[in-house]
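Let's walk through this model together, from one side chain out to the core and the charged pairs. Please keep the sequence and the 3D view open as you read.

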Amino acid sequence: MTTRSLQADVHSDAALWHRAASGNKAAFGELFERHAQAVWNHAYRLTGSWSLAEDLTSMTFLTAWRKLHEVTLVRDSALPWLYAVAGNLARTEFRSSGRFARLLRRIPTVETIEDHADSVVDKVDGEVRMRVLLQAVARLPKSERQAVELCLIGELSIAEAAELLGLEEVSIRSRLSRARSRLRRMLGDDLLEGAR
């Protein structure tokens, strides 16, 4: 990006990213304020957990800070890249939590009294639906899963997802169509509609 185009829109993501890469912490703070809620929403949709979404949002922006000099923004927006980082972090978290759960199953159980707060949290229908949906999305082929995570869960446009993945828009549409069909077969129409 040229200096003239950066000066033309000093508040664009590209301009803020450039200033942040030059050491301007306020510019990075403005990027954070602009996109933190969207990244949290994306992380929540990926995990179904409020606290994990907060952790993933923090880790996403920490990664952004560390990689300011290495990243090229898609269509001058930081959001597609931030969504991709959050998705990668969520997948890593799921793998780690799976290993942790397997380890816990090997430990002998001790009778515990269930905390009322835990039972209330466990009964929240929205989170249950989200987890079921996310488990089904995780079973999709990688190409379809990426399209779903970026467009349906991450709310990127098909054009943005295509550019981020280096594909044609028609490929993204096709992947989304196949993914929706698979998800309907796995979950049924009622659960798929309720999770949107």
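Glu 144 sits in helix α8; helices here are DSSP runs of H or I with at least four residues, strands are runs of E with at least two, and both are numbered from the N terminus. Before going further, note that this is a predicted model, in which local features need pLDDT of at least 70 and side-chain atom pairs count only at pLDDT 80 or more, while totals for chains, interfaces and linings use all residues. Residues are numbered from 1 along each chain as its sequence is written, and side-chain values use heavy atoms, with hydrogens and water left out.

Is Glu 144 buried or exposed? With a relative accessible area of 2%, Glu 144 is buried, a word that means under 20% relative accessible area, with exposed meaning over 50% and partly exposed the range in between (1.4 Å probe, protein chains only). Its side chain joins that of Arg 182 in a polar contact of 2.7 Å; such a contact is a pair of N or O atoms within 3.5 Å, where within protein one must be able to donate a hydrogen and the other to accept it, and residues adjacent in sequence count only if both atoms are side-chain atoms. Leaving aside residues up to four places away in sequence, Glu 144 touches Arg 175, Arg 178, Ala 179 and Arg 182, where contact means heavy atoms within 4.5 Å.

Another residue of α8 brings us to a charged pair. Glu 149 and Arg 91 meet through their side chains in a salt bridge (2.5 Å, N to O), that is, a side-chain nitrogen of Lys or Arg within 4 Å of a carboxyl oxygen of Asp or Glu. Because Glu 149 lies in α8 and Arg 91 in α5, the pair ties together parts that are 58 residues apart in sequence. Glu 149 is buried at 11% relative accessible area, whereas Arg 91, at 22%, counts as partly exposed. Glu 149 is also among the residues that Val 137 touches, together with Arg 145, Val 148, Ile 153 and Leu 183, again not counting residues up to four places away in sequence.

Val 137 leads us into the core. The largest nonpolar core has 49 residues, and Trp 17, Trp 81, Leu 82, Val 137 and Val 148 have the most contacts inside it. A nonpolar core is a set of buried Ala, Val, Leu, Ile, Met, Phe, Trp, Tyr and Cys residues joined through side-chain atoms within 4.5 Å. Elements giving two or more residues to this core include α2, α4, α5, α7 and α8, and α3 gives the most, with 10 residues.

Now turn to α4. In this helix Leu 52, Ala 53, Leu 56, Thr 57, Thr 60, Phe 61, Thr 63 and Ala 64 are buried. They cover an arc of only 165° around the axis (taken from the directions from the helix axis to the C-beta atoms), which puts them on the same side of α4.

Finally, look at α3, where Glu 30 and Arg 34 form a salt bridge with their closest N and O atoms 3.5 Å apart. Being four residues apart in the helix, the two are separated by about one helical turn. Glu 30 is partly exposed at 29% relative accessible area, and Arg 34 is partly exposed at 36%. Both are linked with Asp 13 in a network of salt bridges, and Asp 13 is one of the buried residues of α2.
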